[in-house]
Amino acid sequence: MAKARIVKQVRKGLIRLMHDDALTERVRRTLVRTLYTQPSSLALGAAAGIVASSIVAYQSGSTGIIILTVALTVVAIARVAAGIGLSPDKTHRSTRQLEILYEIGAFTYSFLLGTIAALTLLIDAGATLKVAIVANALCYGVGICGRNAGRPSIALGQLILVCAPIFTVCLIIGDAPLLFLGATIILLIPAMASIMLNIFKVLRDSIASAEESERMAEKMRILARTDVVTGLANRAGLNHEIVERLTQIADDQMLAVFWVDLDRFKEVNDLLGHPVGDRVLVETARRLKEVTPDEASVARFGGDEFVIFCEVENRRECEKLASEIHAEIMRPIRLDGDRMEVGASIGIAMLPDDGLDADTLMQNADLALYHAKVNGRKQTCFYHTSMSRDLVRRREIEAELRAAILKDELSIFFQPIVDLETGKIRTFEALVRWFHPEKGELRPDEFIPVAEETGVIVTLGNWITTQAAKAAAQWPEDVTVAVNLSPLQIKAPGAALGIINALRNAGLDPKRLELEVTESVFLDDDNATEYFIEDLSKEGIRFALDDFGTGYSSLSYIHKYPFKKIKVDRSFVSGPDVGTKSDAIIRAVAELGSKLDMDIVAEGIETVEQVEIVRDAGCTLGQGYHFSRAVPDYLATMLLAKERGEDGPSKAVA
Ligand code: C2E
Ligand code: CA
Ligand code: CA
């Protein structure tokens with residue numbers, strides 16, 4: 001019964017063995033590698049075989065055995081040499097080639113050894129000699145089965161080739177002891193096959209599972225370094241790649257880091273939804289991949305930021321690539337037939353000029369990007385050491401801003417907003433100024449962003465409103481004051497209360513306060529802005545939409561919120577881009593204003609021609625250096641007194 005079971009098992013095993021092509025190439029190669037590992041065991045076996053057959057050859061003097069021994073020695077030495085030189089780790093030969101090479105050597109050696117043992121049994125050699133060589137051959141056959149279990153066909157083939165000649169001679173001679181030996185050999189083969197197959201199974205399964213877990217680990221590693229939306233490397237992937245690349249790079253090689261930031265991407269997301277935002281990101285990623293050289297690394301570094309780094313020959317090549325990247329991103333995107341323009345700002349730092357390690361390069365590219373954005377977006381900016389100085393300056397401003405309020409270094413200036421028909425001042429816009437004891441006069445554009453970044457804007461904003469309201473309380477009843485509000489100020493808890501308190505402290509009628517907000521306050525989904533505007537409108541406070549035309553210029557805000565005024569940004573009135581197109585835009589906004597009973601303010605009027613243009617276009621109010629710069633409160637009061645002392649339109653409008 002037991003024997004039948006063994007035979008069945010072995011047969012099953014052998015069939016599986018024939019079909020082991022199903023093994024994956026990598027598992028197979030690992031198994032073949034086991035044939036070539038430890039050439040020392042191969043050498044030991046070979047040495048034992050050579051010594052045993054040499055003794056037999058010497059003592060028997062048989063020409064046949066001498067020839068076979070020489071052949072065996074040659075094959076044995078060749079096999080050991082191949083074992084050392086041909087390991088799969090050292091050679092690029094295919095797995096199958098390595099397997100065949102091993103097979104030829106193994107089978108030849110086994111057959112030669114078996115034949116020498118068989119011949120020794122046949123000739124008139126001494127009993128001890130016969131025992132020694134037969135034992136050597138059989139031991140080799142059994143041992144090799146264990147050693148080569150990784151490739152069962154080879155192991156079994158070797159055992160059979162060693163045993164077959166001995167078994168045949170046992171049958172030929174046919175005496176009882178040799179028949180007994182023959183029977184033993186017959187039993188030995190299936191027994192060894194069964195043992196060897198078990199070893200093979202364990203070996204194969206453990207290699208396969210090690211392979212599988214390595215594959216999974218590799219997959220997880222790749223996933224952890226990939227951005228799911230665009231398929232590009234993510235922040236972790238980029239860090240990994242940049243460090244790798246920097247360690248491999250030649251000393252004189254230049255490398256450029258481009259930090260790309262999509263302008264106003266948040267607006268796309270908020271107004272058109274995240275799925276559209278994602279498609280814009282995917283398209284941007286595709287374009288970046290396409291426009292950059294194949295060996296460049298492109299990564300998405302978070303929200304709407306992308307980082308590219310690649311080797312460049314010189315600065316000119318870098319500039320060329322930067323302008324190609326910029327042009328490619330600025331190209332309108334078509335989504336379901338709709339055209340969409342997505343701008344981008346780019347900051348660039350180069351190895352070795354702007355930094356020698358990944359951190360410095362990234363930091364400087366980021367600084368350059370910050371400058372590109374501050375310069376008015378849609379810009380490309382190379383890093384320059386002065387930027388680091390600017391950063392230091394920002395840090396100083398940050399540190400000094402809180403104290404500046406207490407030390408009375410800040411004051412509010414007022415710029416008139418004039419009725420374009422009568423020339424009379426209707427409003428003063430409050431604009432903050434900082435007179436720094438060492439740095440001189442600081443413009444709000446420089447410190448308001450810092451105040452926003454640090455949260456000081458809430459305290460600062462309430463202080464500005466209070467000061468502005470106090471000044472306005474001194475003016476005639478029909479003159480209002482406009483105060484600029486930062487988005488962050490509006491979202492702070494108790495924002496509306498802070499403004500009502502400021503009015504109360506100054507004793508100013510809420511109807512005389514106007515709050516100027518830009519579209520950016522609407523970009524977050526929360527309801528804070530809505531409640532803020534609703535609450536304060538109920539109190540009688542008015543709202544103006546500032547810098548219209550620079551943002552998304554969505555008419556839906558005008559429709560939804562009770563704006564009394566729209567301020568057309570000064571870039572449409574004065575400056576390099578002014579022309580028929582900007583006139584048409586002013587005209588359209590003015591028409592909208594008159595239909596909705598809103599005042600339209602043209603900002604940035606610098607010349608009398610501009611006064612005429614914006615008035616013809618339908619603007620009702622004007623503001624700009626042509627009328628007056630922002631002035632301290634006592635001068636504002638004087639302007640009003642002068643105006644009211646005189647009759648008729650002021651010189652400014654005439
Ligand atoms: P804004 O609200 O658009 O203010 C108008 C800016 O344009 C002022 O610059 C003003 O001096 C300038 N300006 C006025 N007329 C002309 C002109 O004819 N030509 C030119 N080229 N410019 C003119 P300023 O005072 O430097 O303020 C810059 C920005 O800083 C303001 O832009 C506003 O966004 C912000 N800001 C100023 N004061 C405050 C404040 O108290 N709170 C907040 N949150 N932001 C403020
Ligand atoms: Ca303003
Ligand atoms: Ca403005």
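**Close-up 1. The calcium ion (ligand 2) and its protein donors in the predicted model**. In this predicted model, the calcium ion (ligand 2) is coordinated by Glu429 (OE), Asn484 (OD1), Glu516 (OE) and Asp546 (OD), with distances of 2.1 to 2.3 Å. Along the chain, the donors of the calcium ion (ligand 2) follow the spacing E-x54-N-x31-E-x29-D. Asn484 belongs to strand S11 (residues 480-484) and Glu516 to strand S12 (residues 513-517), so this pair ties together parts that are 32 residues apart in sequence. Asn484 counts as partly exposed, at 28% relative accessibility, whereas Glu516 is buried, with a relative accessible area of 2%.

**Close-up 2. The calcium ion (ligand 3) and the bridging residue Asp546**. The protein donors of the calcium ion (ligand 3) are Asp546 (OD), Asp547 (OD) and Glu603, the latter listed with two OE donors, and they lie 2.0 to 2.7 Å from the ion. The donors of this ion, the calcium ion (ligand 3), follow the spacing D-D-x55-E along the chain. Asp546 coordinates both the calcium ion (ligand 3) and the calcium ion (ligand 2), and the two ions are 3.8 Å apart. Asp546 is found in strand S13 (residues 542-548), and Glu603 in the loop between strand S15 (599-602) and helix H22 (608-617), so the pair ties together parts that are 57 residues apart in sequence. Both residues are buried, because their relative accessible areas are 7% for Asp546 and 8% for Glu603.

**Close-up 3. The largest nonpolar core, with Phe532 and its contacts**. The largest nonpolar core holds 76 residues, of which Phe414, Phe447, Leu460, Trp475, Leu515 and Phe532 touch the most other members. Helix H16 (residues 457-472) contributes the largest share of this core, with eight residues. Not counting residues up to four places away in sequence, Phe532 touches Leu485, Ile490, Ala495, Ala496, Ile499, Leu515 and Phe543. Apart from this core lies another, of 43 residues, with Ala57, Val75, Ala117 and Leu197 among them.

**Close-up 4. The aromatic pair of Phe522 and Phe563**. The count of aromatic pairs comes to 12, and one of them is the edge-to-face pair of Phe522 and Phe563, with 6.1 Å centre to centre and 85° between the planes. This pair links distant parts of the chain, 41 residues apart, with Phe522 in the loop between S12 and helix H19 (528-538) and Phe563 in strand S14 (residues 563-568). Phe522 is buried, with a relative accessible area of 10%, and Phe563 is likewise buried, with a relative accessible area of 6%. Ring pairs link Phe522, Tyr557, Tyr561 and Phe563 into a cluster.

**Close-up 5. Arginine side chains over aromatic rings, and the surroundings of Arg300**. The charged end of Arg235 sits over the ring of Phe301, at 4.1 Å from the ring centre, and Arg629 lies over the face of Tyr625, 3.8 Å from the centre of that ring. Arg300 is part of strand S2 (residues 297-302) and counts as buried, at 13% relative accessibility. Leaving aside neighbours within four places in sequence, Arg300 is in contact with Asp227, Val229, Thr230, Leu232, Ala233, Asn234, Arg235, Leu281, Glu305 and Phe306. Arg235 thus appears twice in this view, as a contact of Arg300 and as the residue whose charged end sits over the ring of Phe301.

Notes. Residues are numbered from 1 along each chain as its sequence is written. Chains are lettered from A and ligands numbered from 1 in the order in which they are written. This is a predicted model: local features need pLDDT of at least 70, side-chain atom pairs count only at pLDDT 80 or more; totals for chains, interfaces and linings use all residues. Side-chain values use heavy atoms; hydrogens and water are left out. A nonpolar core is a set of buried Ala, Val, Leu, Ile, Met, Phe, Trp, Tyr and Cys residues joined through side-chain atoms within 4.5 Å. Buried means under 20% relative accessible area, exposed over 50%, partly exposed in between (1.4 Å probe, protein chains only). Helices (H or I, at least four residues) and strands (E, at least two) are DSSP runs, numbered from the N terminus. Contact means heavy atoms within 4.5 Å. Donors are N, O and S atoms within 2.8 Å of the metal (3.2 Å for Na, K and Ca); water is not among the atoms, so sites may look incomplete. Rings of Phe, Tyr and Trp (its six-membered ring) pair if their centres lie within 6.5 Å; planes under 30 degrees apart count as stacked, over 60 as edge-to-face and the rest as tilted. A charge sits over a ring if NZ of Lys or CZ of Arg is within 6 Å of the ring centre and within 35 degrees of the ring normal.
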